[in-house]
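Please work through the exercises below with the sequence and the model open beside you, and try each task before you read its solution.

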Amino acid sequence: MNLQELYASKRRSAADCTAHVKSQDTIAAGPAAGFPLELINALSARPDIRDVQMYSALLVYLPDFLGQEQLGRIHYHSAFMGPVERMCMALGVVTPISVHFSRLSDFFGGKAVDTVFLEVSPPDDQGFMGIGPCAPMVGKSLLGNAKKVVVQVNPRVPRVTGPEVSLHLSEVDMLCEVDRPLFELPDLTPDAEEAAIAAHIAPFIPDGATLQLGIGKLANAVGDMLDSKRDLGIHTEVLTPSMVNLFEKGVITGTKKDLHPGKIVCTFCLGRTKDYEFLEKSGIVEMHPTKYVNNPYLIGRHKNFISVNSALAVDLTGQVAAEALGFEQYSATGGQLDFVRGAQMSEGGKSFIALKSTARKHTLSRIQLSLDPGTTVTTPRSDVQYIVTEFGVADLSLKSIPDRVKALIPIAHPAFREELARSAVEAGLIRTKDLGRLASAA
């Protein structure tokens with residue numbers, strides 16, 4: 001049987017590709033821009049299934065099973081929360097997963113799965129299909145214990161380079177066909193506060209540095225500030241639009257990287273159509289699973305590694321909350337701590353946690369005496385190096401508790417500094433005589 005005949009023998013409708021799934025089955029689906037929307041919608045349309053357990057991450061589409069009329073058909077376990085997951089948490093069908101991204105392959109590889117659903121590229125002349133711009137973050141571990149592999153073939157899916165970025169037609173049990181543009185990020189233009197934070201970080205980044213920038217507008221804003229740098233390299237989870245722009249401007253060359261020189265190394269891409277085309281056509285991108293990219297010891301082998309991640313809140317001792325406030329889940333454990341630690345293992349490396357100083361229209365300080373009860377600590381204070389707001393940079397590395405407090409209060413919003421200082425004295429974190437010094441610093 002040649003490849004054309006093999007392909008034809010596996011081709012079905014989306015409904016037929018999901019007909020084998022039974023109630024209470026466990027399934028996994030490609031994350032983010034690689035989510036196989038049509039297959040999952042075909043599955044959730046079946047009135048006879050209930051309590052299917054699905055594992056994925058960072059939905060960028062709203063699948064039908066999250067609609068009120070289909071609740072109970074599929075329960076979704078998310079390895080990373082985004083706007084869709086947050087919107088649907090109250091429905092009781094989304095469960096957040098807490099796992100460092102450096103162990104994401106261990107998590108998925110150790111899970112018994114009845115069916116894996118993926119969106120892939122058409123097969124090449126040897127029968128290999130690319131698993132898209134997002135599934136490489138888990139790679140082949142997603143397939144390891146699956147009884148069936150079902151894919152939807154989309155000609156818009158880019159082929160990428162890396163060790164675990166494709167599967168062969170012979171590994172697929174069934175396939176259907178779709179033709180839909182990949183998800184594109186909305187406008188990432190930073191606001192004034194995000195631009196100010198990025199401007200504080202940019203001077204710390206030397207020519208020849210290797211960068212990791214987290215997901216979202218704030219981290220992307222840092223990339224927009226680096227036009228004057230030279231020979232930057234990329235070793236990151238997410239390839240951001242700002243990184244593609246910097247490569248096109250000649251700022252990113254990767255020539256100074258200690259690992260994979262001349263290459264951009266990432267685990268997934270969530271961007272614009274031009275960014276997905278860049279993955280396939282540039283010849284510079286290598287996509288590896290997070291078990292490799294997020295390994296702190298490999299990160300630390302790069303000289304001058306710069307890590308920039310965001311947070312929701314920081315307490316006055318330096319504890320960072322980046323995934324939840326109280327018991328309200330916002331994102332996930334992710335790879336923040338992997339890169340915080342890896343950057344500080346690097347010769348000349350630096351780790352930045354960035355956040356706006358306030359929330360809720362400036363009525364709530366993000367720098368707080370203490371985190372709300374139930375709040376998850378994503379990065380322990382003993383690991384934190386730099387905290388950055390629009391008001392400046394606080395260096396907390398190897399500092400005492402009082403010195404941390406005195407470094408953080410001046411970068412809080414001015415409207416909250418006096419209250420924070422007095423609360424810190426009442427809590428015994430600093431002494432009364434420190435109030436005068438903090439007032440003069442303000």
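The exercises that follow concern a predicted model and deal with backbone angles, exposure and a charged side chain.

**Exercise 1.** Work out what is unusual about the phi of D51, and decide whether D51 is buried, partly exposed or exposed.

*Solution.* Begin with the general expectation, which is that most residues other than glycine have a negative phi. D51 is not a glycine, and yet its phi is positive, at about 60 degrees. Next, find D51 in the loop that runs between α3 (37-44) and β2 (52-56). Finally, because its relative accessibility is 40%, D51 counts as partly exposed.

**Exercise 2.** Locate L398 and determine whether it is buried or exposed.

*Solution.* The loop between β26 (392-395) and α13 (401-408) is where L398 lies. The phi of L398 is positive, near 60 degrees, in a residue other than glycine. As for exposure, the relative accessible area of L398 is 83%, so this residue is exposed.

**Exercise 3.** Find out which side chain of opposite charge is nearest to E286, and which side chain E286 meets in a polar contact.

*Solution.* First place E286 in strand β15, which covers residues 285-287. E286 is buried but has no salt bridge, and K263, the nearest side chain of opposite charge, is 4.7 Å away, whereas a salt bridge requires a distance within 4 Å. The side chain of E286 does make a polar contact, at 3.0 Å, with the side chain of H288. To complete the surroundings, leave aside the neighbours within four places in sequence: E286 is then in contact with T161, H260, K263, I264, V265 and C266.

Technical notes
Residues numbered from 1 in each chain as written. Predicted model: local features only at pLDDT ≥ 70, side-chain atom pairs only at ≥ 80, totals over all residues. Heavy atoms only, no water. Helix = DSSP H or I, 4+ residues; strand = E, 2+ residues; numbered from the N terminus. Buried < 20%, exposed > 50% of the residue type's maximum accessible area, 1.4 Å probe, protein only. Lys, Arg positive; Asp, Glu negative; His and termini not counted. Polar contact = N/O pair within 3.5 Å; in protein donor to acceptor, adjacent residues only side chain to side chain. Contact = heavy atoms within 4.5 Å.
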